[in-house]
Every structure is written in C-alpha cells, then in structure tokens.
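The following exercises concern strand pairing, helix packing and the nonpolar core of one protein. Each task is followed by a solution in steps.

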Amino acid sequence: MRIIPPLALALCAGALASVSAAAGPARIVILPVVVHSAAPDSTYVSRGLSDMLSARLEQLGGLDVVREDDPKEATSALKDAVALARQRGGDYVLFGSFTQFGDGASLDVHCAPLAPSDDKPRSIFIQSGTMGEIIPKLDELADKIAHYVAGDLPESSTTAAAAERAENSDIAELRHRLEALERAVFP
C-alpha cells in the first residue's frame with residue numbers, strides 16, 4: 001500500500017475545493033439592449049427590457065446575473081459584447097436589439113459563451129404586434145437562455161419537425177413493406 005505524503009494530500013484537497021468553488025453558478029452579463037425606434041426616449045425601453053430579463057433570469061436561479069446599466073455600452077456586435085462582458089468577469093454575455101416598426105415590435109437577443117469553446121452564440125428572436133405582447137414572451141426567452149447556459153437546450157422546432165418527417169418516412173416505409181409481404185403471402 002502506498003502512503004500519500006500530507007503535503008500532496010493537502011494540495012489535492014485545495015485543488016478540489018477551488019474546482020468546486022469555481023463550478024458555482026454561471027455568471028451572465030446582461031448588456032443594455034440597442035433600441036431602434038422613433039420614440040424620443042429609447043433609454044427607457046432599453047432599461048426596462050434589461051430589468052425584466054434580469055429579474056426573470058434571477059427568478060429561475062442557477063445564474064449569477066450581472067447588469068451593465070450604462071446605455072453607452074449597448075451593442076449588437078458579438079466582438080464588442082464579449083469584450084465588455086469579459087471586463088465584468090462573466091461566463092456568458094446577453095446582448096441584442098429591440099426594433100419597433102409601426103404597430104409591430106421585435107426583440108433579437110444573443111447569448112454567447114466567453115470562454116473558448118465549440119458552443120456557438122444562441123440567437124433568440126421574439127416578434128409581436130405590440131410592445132405589450134413582447135413582455136409576456138420574456139419568460140420563454142429567459143427559459144431558453146437558462147437552458148443554453150446549463151447546456152441542455154430544448155430541441156428547436158426545426159429539429160423536431162425534421163424528426164417528425166423522418167418518423168413519418170419510417171412509417172410509410174414500414175407500411176410499404178407490410179403491403180408487399182401481404183401481397184406475397186396472400187396473392
């Protein structure tokens with residue numbers, strides 16, 4: 001039996017403690033939303049959307065939410081968003097834009113990891129007839145962001161539709177083979 005020296009044991013224990021401490025909740029930096037609107041005060045809309053997204057993400061738990069409140073830091077450019085969020089010590093960055101056109105509105109946000117990885121930024125798009133219709137959809141958006149950060153993305157509707165088409169194709173092939181078997185057995 002091999003005995004581990006106390007110093008080596010202490011170093012291993014310290015390393016494990018630092019790894020588990022580092023494995024705490026992911027830190028997501030929320031940047032102000034860029035607003036494209038004819039409204040005279042777009043800062044109000046930008047702050048309101050950031051407030052609502054922050055509150056919803058905090059309610060979900062499992063995330064350390066950091067808000068950047070300076071409206072000058074609003075960006076829809078990935079490179080700029082990543083640089084700002086790294087300065088704030090984040091693991092992920094949430095950024096995007098809100099566009100109001102006539103009676104319609106859309107919110108386009110992106111969530112990107114800051115550490116080098118194979119993960120691509122997740123883009124989430126919400127569109128509705130009015131600003132009032134966008135607000136209830138923020139819960140769904142926050143849910144998608146939390147799933148992305150946790151690494152358990154739900155299937156996209158495109159993936160689900162492709163799986164359904166493949167299943168229907170399999171059923172059609174099975175039906176075709178069954179009919180051919182019946183014709184061979186019962187001419």
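**Exercise 1. Determine how β1 is paired with β3 and with β4, and how far β1 is covered.**

Solution. Step 1: β1 and β3 run parallel and are joined by 5 bridges; two strands count as paired if DSSP finds at least two bridges between them. Within this pair, V29 stands opposite V66 of β3. The model is a predicted one, in which local features need pLDDT of at least 70 and side-chain atom pairs count only at pLDDT 80 or more, while totals for chains, interfaces and linings use all residues. Residues are numbered from 1 along each chain as its sequence is written, and side-chain values use heavy atoms, with hydrogens and water left out.

Step 2: β4 is likewise parallel to β1, through 3 bridges, and I30 stands opposite L94 in β4.

Step 3: Of the 5 residues in β1, 4 are buried (buried means under 20% relative accessible area, exposed over 50%, partly exposed in between, with a 1.4 Å probe and protein chains only).

**Exercise 2. Place these strands in the order of elements of the protein.**

Solution. Step 1: Count 6 helices and 6 strands; helices (H or I, at least four residues) and strands (E, at least two) are DSSP runs, numbered from the N terminus.

Step 2: Read from the N terminus, the order is α-β-β-α-β-α-β-β-β-α-α-α.

Step 3: For contacts between residues at least 6 apart in sequence, 59% join residues at least 24 apart (contact means heavy atoms within 4.5 Å).

**Exercise 3. Identify the buried residues of helix α3 and decide how they are arranged around its axis.**

Solution. Step 1: In α3 (residues 78-87), A81, V82, L84 and A85 are buried.

Step 2: Viewed down the axis of α3, these residues fall within an arc of 165°, and therefore they line one face of the helix; the arc is that of the directions from the helix axis to the C-beta atoms. An α-helix has 3.6 residues a turn, so residues three or four places apart point the same way.

Step 3: The buried residues of α3 pack against β1 and β4, whereas K79, R86 and Q87 on the other side of α3 are exposed.

Step 4: After α3 comes G89, with a positive phi near 75°.

**Exercise 4. Locate I145, classify it as buried or exposed, and list its contacts beyond four places in sequence.**

Solution. Step 1: I145 belongs to helix α5, residues 138-150.

Step 2: I145 counts as buried because its relative accessibility is 0%.

Step 3: With neighbours within four places left aside, I145 contacts I28, L57, L94, C111 and I124. L57 lies 88 residues from I145 in sequence, yet their C-alpha atoms are 8.2 Å apart.

**Exercise 5. Describe the largest nonpolar core and state which element gives its largest share.**

Solution. Step 1: The largest nonpolar core has 28 residues, and I28, L94, F98, L107, I145 and V149 have the most contacts inside it. Such a core is a set of buried Ala, Val, Leu, Ile, Met, Phe, Trp, Tyr and Cys residues joined through side-chain atoms within 4.5 Å.

Step 2: Two or more residues of this core come from each of β1, α2, β3, β4, β5, β6 and α5. The largest share, 6 residues, is that of α5.

Step 3: Apart from this core lies another, of 11 residues, including L31, V82, A85 and F95.
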